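Open the structure in your viewer and keep the selection tool at hand. The tour goes through its pockets, one selection at a time.

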Amino acid sequence: MALDRNKFPNLVIVGATASGKTTVAYQLSKVLGFGFIDIDQRIAEKTGRTIPEIFAQDGVDRFREIESEILISLKGILNHIIVAGAGALESEDNWNSLRQLGPTIWLATPVSEIVHRLIKFPEELAKRPFLAEALNIASNREREAFLVARLKDLEERRITKYRMSDYRVTIGFATADTCAQFIKQLLIEGEVT
């Protein structure tokens with residue numbers, strides 16, 4: 001059974017940093033035959049700088065302005081899986097822009113899984129401005145405690161919007177392909193988890 005493209009003109013993936021949004025979204029785009037757009041990647045291409053460089057040089061407010069410009073530029077696009085940056089939904093305007101693009105899917109990865117990933121791959125921490133300072137913590141136990149506290153704080157700021165998503169998918173340690181197949185089935189069957 002195929003996905004109804006009228007009901008799902010695009011799909012927008014939201015969730016915490018390091019929740020697997022980009023990996024799952026890319027796999028989902030292949031499974032559904034949709035295009036793939038990563039908002040953070042578009043921001044980096046537009047500015048010629050990495051996300052941490054933009055945060056460091058221009059600050060979070062300027063980053064959000066660029067993010068808004070990218071989201072507005074996507075109006076009218078069809079048949080894409082769009083990955084929103086973790087904090088994109090903190091701005092009401094950005095949240096509204098995301099919702100206008102298509103149904104939202106909250107990839108609700110448990111904090112414990114995110115911390116496990118980030119501890120295992122410290123190079124991923126450097127890419128995340130709100131978490132990068134964890135690299136300065138020598139003790140793995142203290143680094144883990146810092147990450148848990150920071151991620152829970154960020155989640156608390158964003159949880160209301162996450163809960164407003166059209167779909168919620170909670171699959172902790174599953175592969176990206178398994179998640180993509182599950183999401184496809186969820187959308188076709190019309191069930192909400």
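Start with the lining of the largest pocket, coloured by residue class: 21 of its residues are nonpolar, twelve are polar and ten are charged. Keep in mind that this is a predicted model.

Next, select Thr-17, Ala-18, Lys-21, Thr-22 and Arg-128. Of the 43 residues that line the largest pocket, these lie nearest its centre. The volume of this pocket is about 890 Å³.

Now show the helices around the largest pocket. Select α1 (21–32), α2 (39–47) and α3 (51–73), then α5 (111–120), α7 (140–163) and α8 (176–189); each of them supplies at least two residues of the lining. Which helix gives the most to the lining of the largest pocket? Highlight α3, which contributes six residues.

Keep α3 on screen and add α4 (92–101). Both helices supply at least two residues each to the lining of the second largest pocket. Here α4 gives the most, with three residues. The space in this second pocket comes to about 160 Å³.

To see the lining of the second largest pocket, select Pro-9 and Asn-10, then Leu-71, Ile-72, Lys-75, Gly-76, Ile-77 and Leu-78, and finally Ser-97, Gln-100 and Leu-101. Colour this selection by class as well: six residues are nonpolar, four are polar and one is charged.

To finish, display both pockets together, with α3 highlighted: this helix supplies at least two lining residues to the largest pocket and at least two to the second largest.

How values were computed. Residues are numbered from 1 along each chain as its sequence is written. This is a predicted model: local features need pLDDT of at least 70, side-chain atom pairs count only at pLDDT 80 or more; totals for chains, interfaces and linings use all residues. Side-chain values use heavy atoms; hydrogens and water are left out. On a 1 Å grid over the protein atoms alone, a cavity is a set of points where a 1.4 Å probe fits but cannot get out, and a pocket is an open set with protein on both sides within 12 Å along at least five of seven lines; lining residues have an atom within 4 Å of a point. Grid points are joined across faces, edges and corners, and a volume is the space filled by probe spheres set on the points. Helices (H or I, at least four residues) and strands (E, at least two) are DSSP runs, numbered from the N terminus. Ala, Val, Leu, Ile, Met, Phe, Trp, Tyr, Cys and Pro count as nonpolar, Asp, Glu, Lys and Arg as charged, and the others, Gly among them, as polar.
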